[in-house]
Each structure stands twice: as structure tokens, then as C-alpha cells.
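Please open the model in your viewer and keep the selection tool at hand, since each stop on this tour asks you to pick something out before reading what is there.

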Amino acid sequence: MLIFNNIPALLVAIPLLVSAVVSIISSARIAWILTFSTTLVCLFMAFELIDIVSSKQTLTYAFGGWEPPWGIAFIVDSVNVYLILLVAFISVIATIYAYTMLAREIAAEDLSKAYAVWLLTIASLFGLSMTGDAFNLFVFLEISALSSVTLIALGAGQDRRALIAAYNYLIIGAIGATFYVIGVGYLYAATGTLNLVNIIERLNELGTNQAAITGLAFMLAGIMVKAGIFPVHIWLPAAYSYAPSAVSSFLSAVATKVAIYYFARLLFGIFINITQLIDFFLLYVLMPVSVIAIFYGTIAAIYQTDIKRLFALSSIAQIGYITFAFSLNSHSGISAGFIHIVNHALIKGALFMAVGIFAVGIGKRATMVSLRGVGRQMPITFAGFVIAGLALIGVPLTAGFISKLYLFKAIFETGNVFFVAVIAISSALSVLYLWKIFEVMWLQEPAQPLKIEKEPTVAYISLWLMVITIAIFGIYSHGVSSSGMLAANALVGSR
Amino acid sequence: MSNLQLILAFSLATPLISALAVIFCHNYKSLRDICGPIGGVITFITALVIASAIINGQVVSLTLWQIAPGIEFSFRVTALGALFGLVASGLWILASIYSVGYMRGSNEKNQTRFNFYYAVAIHAAMAISYSGNLMMLFIFYEVLTFSTYPLVTHNQTKTAKDAGRLYMGILVSTSLLLFLPAILWVWVVSGTLEFTRGGIIPIDFPPSLLPFLLAMFAFGIGKAALMPFHRWLPAAMVAPTPVSALLHAVAVVKAGVFSLLTIVVYVFGIDLLFSSGSAFWLVWLAAFTILASSIVAIMKDDLKARLAYSTISQLSYIVLGGALATYAAIEGAALHIVMHAIAKITLFFCAGAIYVNAHVKKISELDGLGTRLPHVFIAFFIASLSIIGIPPLGGSWSKFMLMVGSVDSGMTLILAVLAISSLLNVFYLLEPCARAFFKPAQQEFHVENHILTILPPIITATLCLLLFFAVDWIRLLTNLMVIP
């Protein structure tokens, strides 16, 4: 059937087109309905993709019938198909969440335009996760950067600092993108192709080539900025903490994850062929940087009093876990990284959602002071928040535990006790900041009696959908863990 | 589902149902307060059925689903688990009756919340005892920690909250830093976490790493209160006495030593541990804990604090038994779980009864109280003798077995440790009774008589006596742990 054959293209095209339509609609409600139905359609298509990939292994979609390496190709295989599903799933839930939350946080006349940009972001994320063309990726990178900057800047209605955060993100993101495109240039000069599959073939023929190596290094550096990998994460805490809560929960859940996926693809798809460099990069760059990120993020979060910023800092640590798993350069390490990509997306999304609901409830920014005693006033949100928080620590029966399980497995295989200590100590440290928040919200008395505004009921649905997914993935992990294994199989073979 | 599976499910669900019933009966006080005892009786009966099935060599297990390869959400009762299940559920009956008397007598607030978490904690203790693998044990170990936090901080004073923080801090951080990594280590090297008699550690596991793995378990299980991770236990004594009695003398701490003993018997395997000598250091650490905490106990004037340090000391007897890893020592350790639980709960019941009925907390203020609360102090006396290990009381058996075990292992110096410890026990446990009966009263006591607080210690003190003669029945279970 025509539609099913063109799913990869449609996943990008539909949100893109609807986005144009939404931008000229003035009614926020209709804009939302259009956005929501688009995300539902995308989710449906993502499920179809899983069907296709599980029977055909790799789906290569050539745009306009121009076969790669001449035309642009989208590639869907077991590495990214679950990522696409994740993006689709989270965008549905985040759109539900946005229904009440965006309306409370930004001006009414901006709403439909916000949804237009929202769809643009979704389209670019799908594009980023599917494209098999190095330059085409740059295009999507720019679309995603510009649209996320707009979304983050919308937080200015609540807090003017959102503007600075958005501006910083714009500049740093642009630097990252420039690095990336320079790298693509070098690589193109060396290999004469932009198609990722073709690049691999050419590199094998070329042998060691300085231009290609330089190009790859630039590309990796550029992607690291987008992925929020320490030490080029500096845009991330401010961007997530001042964006509207719907935006921060959506972006924190999937935006960096897509970049990390592409990072892994570059690393293990292309870079791996240059053996003398990959070992150096993983062992002496990525691994120390990840360990520092884990401790920096966790310890900074302990001393942070602004809750959204706290979770943004914890994201840096969590991204550190993912890159740490990658840096082990083993099959189980890579699958652990992919498993944590999925689980952390759900957990961090849920946490940001809960914090957003709290902030709307008390009508102030969520801080360690303003949230005193909120847990008792908003028990439904608090319960969801606690479950997501426990998952972040990695308590058994939550999705976070499964991540930790496979991460530990990968580490024990290396036989290095130091790494065990890194993960164990950092997860024990993460208990500190979460416990502090739990205690503030449940045990402490508010300075003045809390006036809880009418709670956003629709937002509960999305929060709890996330929380239930976290719980299901925690007690029945087969789906997530096998998707991680399959991704690792596709990247490095089942060694 | 076979009958036994049904009974196992019932045994695990009853405390939870009872917890929910407590919430539904929030407005009907008498109805609410009877939920605990009824739940206790049902759970105890199911635990008895399970224990007899285990003695008859049947397999009692229930597998729900697979969490990850080699990690199942499943229950499978071991001989030690059946024993611990009996202890936890049996004492829950008495403790829940006692807590009604105590909570009413001292007019505590938030009694519904209290009863709810109390029942949830028992559920966790039952689930720990019937766990089929290390992961299940860990999950419910954490449930037990979290469900007892609201009980420790029940009074919501600053001291209570500080104690709660210390409690969570030590228990959660040790379990996350050491216990969980140790479990995952076992999972990675052996591919399973299922409890198996003879152990699951593969033969090719490097012997030089065994002491480290054991250390990760011994310190990671903070509930076993091995020094230097013992501070949470005295701190937790700010909780109302029924909590200290059931949880911090029986369920929580015993869950800790139970876990450690289970790991020794069903993960390492007694033979491996004994032949490799990797628990040698643990023997001496346990011996040190026994003596050091006894000495601290002597210096405590607060009755509950003294009992808390005595608990730390007695827990290390069980750790010692596990670490000696001879058949007699393991049996002695398992027996000590039972004997010490019953004796110590009696002591705590008495301490609470003294507080509720005469409003005295300090040992130095007990002078002359003996004649006013004779039943309480006689019960206290009997339980003290049991802990010291004087026949004909239950505690003498477990101490005897531990001594035999230490001779078996060739570590005769441990005999001296046990003997000195008994002397110290005499010193600090008999002092309260001696003061109460033989010293003249220095103050006027306003003594009330809350019968529900006085009856349970009398019953448990009688049990101390009866268990001396009934020890063969318990050994039907402990024998299964060691005899192949």
C-alpha cells in the first residue's frame, strides 16, 4: 500500500505540513486538536515501522526514487526504530500535557503558533532519528535547534531569564552545528559521499586518512553539543529550567536522546572502523568525561534549590551514564546505553511533568522553599513524582532499575571495580537530592498556608501514563532490554 | 495453582489486606484495631502450614513473571525462610495486640497511619522470608526500609525526623552502595539469583575475591547492624515502643541477619565459605561488635537505648554463626533468630509497659517499681535470663550451638568471647530488675494498668520457657538448612 511504503517520509512530512496549517489557525483549541491527532498518527506509523523492521531488518527509503548514494535516504533499522517509537510515544503524551499546561504558561495569542513550532520540533526529531545522509542531518539539526529555541523562549512570559537561556542555546547550538557541518565538509572531501552507508564503504577502501579522521572528530564534537554531553552541556540546565514545563518535559525526554542516538551511530557505525582512534577516544576522552559528568551533575543537583534546574543537572549526570555505557565499547555496554536512553526519557519526562504541575498548582516557580508541604496538598501528582523519582535512583520494580541492571552487567564484564564504585556511589548520591525534595514536599510546613489553584486534570493523565509505563518497564523489562540488545546487535554485531 | 501455592499467596497477601482494612475502618476504632491481630492469626496459621510442608520435603513456590533473564518475580520458601516467617507472623499477633494497648494508653496521634505502615512492614518481612531469589529479597528489604520510615518518625518531632534521616541514610545508602552491586555481581558471574542449597557461586570464581563479595553483603545489609553501620538502630528507638519491639527487635533487624544467613547458606554455600576461609575476618568483626556494643549498653541509662545496644550485640551472634560456617554454628545462628526474637520482644514489651503504665524511661528511676508492676518485671527477668543463656530457657540452646560451632571450626578463642559477652549480659540486663525489686522507691509512681500492654510480655516470657523444651521442633527446620 502506498501509505505504508512511504512511512519514513510521512513521519517527517505530516508534522511539517500540519505545522504550516496550525500556524495560521487562530483558535488554540483547534490547533491543539490538529497537533494531537498528528502525534497520534505518528505513533501509529511508528508501530507500523516496528512491524516492518522486525520482518525486513533494515528499511532504506530513497527520496524521490533517487537511490543512495545519489539521493537522500532514510534508514530505519533496529538501532533507531525504538527511538522513533519513543519519540512518537512521548510526543503524544507531551501534547496531552501541553493542553492545559501551555495554556497556563504562555499568552493565549501565542498558543497556536507555539503548537506550530511544537510540530516542527517533532518533525525534526523524526528526521534526525531516520536520516542516513550526513548533510541532511545538519538540516534537521538546524530545524530542531531553531524550533527548540523558540519553544524555550516562550518561557519568557513566566520568567524573563528564558530569553537568555534561549539565546545561549541558539549560540552554542549554532557553534555545535558549525562544527558538525565543517566535519561533514572534510568527510565529503575525503570520501566524496554524504550517505552514511557509503561513507563506511569508502573509508574502508581509503584506509587511514587524516581528512576523514578530522572530519569525524568535528562531527562528533558538534553532536556532543546537541546531546548535552559534558563539558559542552552548558546550554542545557538553563534551557530546561526556564522553558515552559510542557516544553522542558518534552525536550528533556527526547531531544537530547535523539542526538545521543546519532552520536552512538557515528561512533559505532563509522568511527569504529578507525580502530586506533576509537579506542583512544572512548578510553581517554569519553570515559573520563562521562565519569566527571556523572559526579558533576549529581553533586550540582544536590546543592541546587530550583527544582527544574536540579533535574536538568541530573539529566547531565544521566546522559553521563549513557555515554559511560557506550565508552565501555562492548556489546552489553552499548545495549545498556540504549536501554537507558529509553528509560531515562520516560523518567525525566515524568519528573518534569510533575514539577510543572506543582509549579502551576502553587502559582510560583518550584523551589525547595515554595514546594514545602505541597505533597500533602497535591497527593496525586506527588505519588507520580515519587515513583518517577525512585526510578531515577534505580529502585527495583521501576524502569530505572533495569537500566542499572544492564549497566552493572556491562561494568562487571570489564572486571573493573572502580567503575562499580562510580555507579554505586553516584546512585547513592542521587538519593540525597531526591530525598531532600521528598522531605520538603511531604514533611515540611509551608511558610504561609498554601493556596492550591485548580489543578490541571488533563496533565494528570499524561503524568500517570508516563509513570505507569515506567512501572511496567520495571516489572516486565523484556521489551526494552531486547530493543537495546537488538540495537547493539545492529551496530556492532552480536559479539 | 496448587493448594500450597494458594496458601503461600495468602500468607503474603494477608498483611497487605489487613493494611488496607485498617484504612477502610479508619472511623471505627475497635474494628480498625482488631485488623492487626486477625491478620496476624491468619498469617501465622498459613506460616505453620508452609513450615510443615517444608519439613515434609514439599516445594512451596510461586513464580509470577520474569523481570530480566535469571531474575524472576518469584517466591520459594527455604527452610530458613519458613522459620523466619513463623517468627515474624507469630510475634505480629502479640505485637499488634500490644500496640493497641500502647497506642491507646499513651494517646498517640495518627493511629490509622501507624497501623497501616505496621501491617505493610510485616508484609515486607513475610515477603523477605519467602523470597525465592536475591532480587526479591532486595526488593522487599527496601520496602521494609521505606515502610518503617513513617513509623520511626511517627512523633514528627525534630529528634524523630533526625533519627528518620539517619535511619534512611544508613540503610538506603549501604544497600545501594554495597548490597545491590553485590547482588548484580552474583548475577553476572552465575547467571542466576535463585536460592540453592550449596550455593550458586560458580567454581571458577576467584577465591581471592570471595572475602570482598562477602564484605559487600555483610556491610550492604545495614539492617544486620554490624559495626560500624549500627548507628541507625539506637536512633530508631525514638519510635513508639511497639515499633521498637516488633520491628527493631524482630522484623527489621532479623530481616537483616536473616538475609545475611540466607546468603551464607543459599548463595555462598556453607562448605565453600568454610573451606575458603573467606569469612575469617567477619568472625572477628562480629566478635568485636558483640563485646563493644555490650560495653556501650552498660553505659546507657535509657532503658530502650540499652536494649537497642543489646540487640546490636545479639545480632552479631547470628552473624558470627553464619561466619563460622560450621553446621552447628549455622544451626545455632538460625535458632538464635528465634530465641532472641522472642526474648527481645519481651524486653521491649516490658520497657513499653513500664513507660505507659508508670511513665518511666530511665533505668535509674526504676527503683522500687518492681512491686507495683510485678508481672512486667518478672517477664523482664525471664527474658533477660533467656538472652544471657541460662537453662531452662530457649536462649541457652542457641548459645550452646554457637559454642559447639566455634569449637568445630577450631576457633576456641570465640568461646571466650561468648562467655565474656554472657557476663556483660548479666551485668546490663539484670540491673533494671535488681533496681526495681531491691532498691527502695525514691518517688511516688502513678501506676495505671493497661492490660493489653501487660499480657503480651507475659505470654512471650512463657514462650521463652516453653521453647527450651520445644527446640526439637525448630530443629526440624534448621536441620534442613545444613543436612544435604
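At roughly what angle do the axes of helix α3 (residues 79-105) of chain B and helix α13 (residues 327-358) of chain B cross, and within what distance do they come? Select both helices in this predicted model, and you will find that their axes cross at roughly 5° and come within 11 Å. That angle makes α3(B) roughly parallel to α13(B). To see the contact itself, show the side chains of B:L80, B:L83, B:F84, B:V87, B:L91, B:A95, B:Y98, B:Y102 and B:G105 in α3(B), which meet B:A334, B:I337, B:V338, B:A341, B:I345, B:F349, B:G352 and B:V356 in α13(B). If you colour this contact between α3(B) and α13(B) by residue class, 15 of its residues are nonpolar and two are polar, with no charged residue among them.

**Two loops beside α13 of chain B**

Stay with α13 of chain B and select B:A325, which sits in the loop between α12 (303-324) and α13. Most residues other than glycine have a negative phi. B:A325, although not a glycine, has a positive phi of about 55°. Is B:A325 buried or exposed? B:A325 counts as buried, because 29 C-beta neighbours lie inside 10 Å and the cut-off for burial is 20 or more.

Next, select B:H359, in the loop between α13 and α14 (374-388) of chain B. B:H359 likewise is not a glycine and has a positive phi, near 60°. With 13 C-beta neighbours inside 10 Å, however, B:H359 counts as partly exposed.

**Elsewhere in chain B**

Move to helix α4 (residues 111-129) of chain B and pick B:R113 within it. B:R113 is partly exposed, with 15 other C-beta atoms within 10 Å. Add B:P150 to the selection and check the C-alpha separation, which is 8.4 Å for this pair although B:R113 and B:P150 are 37 residues apart along the chain.

Then select B:M227 and B:P228, whose connecting peptide bond is cis, with omega near 5°. B:P228 belongs to the loop between α7 (210-220) and α8 (232-235) of chain B.

Now zoom out to the whole of chain B, whose secondary structure comprises 18 helices and two strands. Its C-alpha atoms fill a box of roughly 70 × 55 × 45 Å along the principal axes. The radius of gyration of chain B is 21 Å, which agrees with the value near 23 Å for a compact globule of 484 residues. Of those 484 residues, 61% count as buried, and among the contacts in chain B with a separation of 6 or more, 82% are between residues 24 or more positions apart.

**Chain A: strands, helices and a cis bond**

Turn to chain A, which has 20 helices and two strands. Select strand β1 (residues 59-62) together with β2 of chain A; the two run antiparallel and are joined by four bridges. One pair to highlight is A:T60 and its bridge partner in β2(A), A:I75. In a regular strand the side chains alternate between the two faces of the sheet. With β2 (residues 73-76) of chain A selected alone, A:A73 and A:I75 on one side and A:F74 and A:V76 on the other are all buried, and both faces of the strand are covered.

Continue to helix α13 (residues 307-327) and helix α14 (residues 331-362) of chain A, which pack at an angle of about 170° with their axes 8 Å apart. These two helices, α13(A) and α14(A), are therefore roughly antiparallel. Their contact includes A:F311 and A:Y321 of α13(A), and A:H340 and A:L351 of α14(A). By class, the residues of this contact are twelve nonpolar, six polar and two charged.

For another cis peptide bond, select A:F230 and A:P231, where omega is about 0°. A:P231 is found in the loop between α9 (210-227) and α10 (236-242) of chain A.

**Where the chains meet**

Finally, display both chains and select the contact between them, which takes 21 residues from chain A and 18 residues from chain B. On the side of chain A that touches chain B, α17 (399-414) and α18 (417-442) are the elements that give two or more residues. Of these, α18(A) gives the most, with seven residues. This side of chain A consists of 16 nonpolar, three polar and two charged residues.

Technical notes: Residues numbered from 1 in each chain as written. Chains lettered and ligands numbered in written order. Predicted model: local features only at pLDDT ≥ 70, side-chain atom pairs only at ≥ 80, totals over all residues. Buried ≥ 20, exposed ≤ 12 C-beta atoms within 10 Å, placed from the backbone. Pairing = 2+ DSSP bridges. Contact = placed C-beta atoms within 7 Å. Nonpolar A, V, L, I, M, F, W, Y, C, P; charged D, E, K, R; others polar. Axes fitted to C-alpha atoms, helices over the stretch in contact; angles between N-to-C directions. Parallel < 35°, antiparallel > 145°, perpendicular 65-115°, else oblique. Rg over C-alpha atoms; globule rule 2.2 N^0.38 Å.
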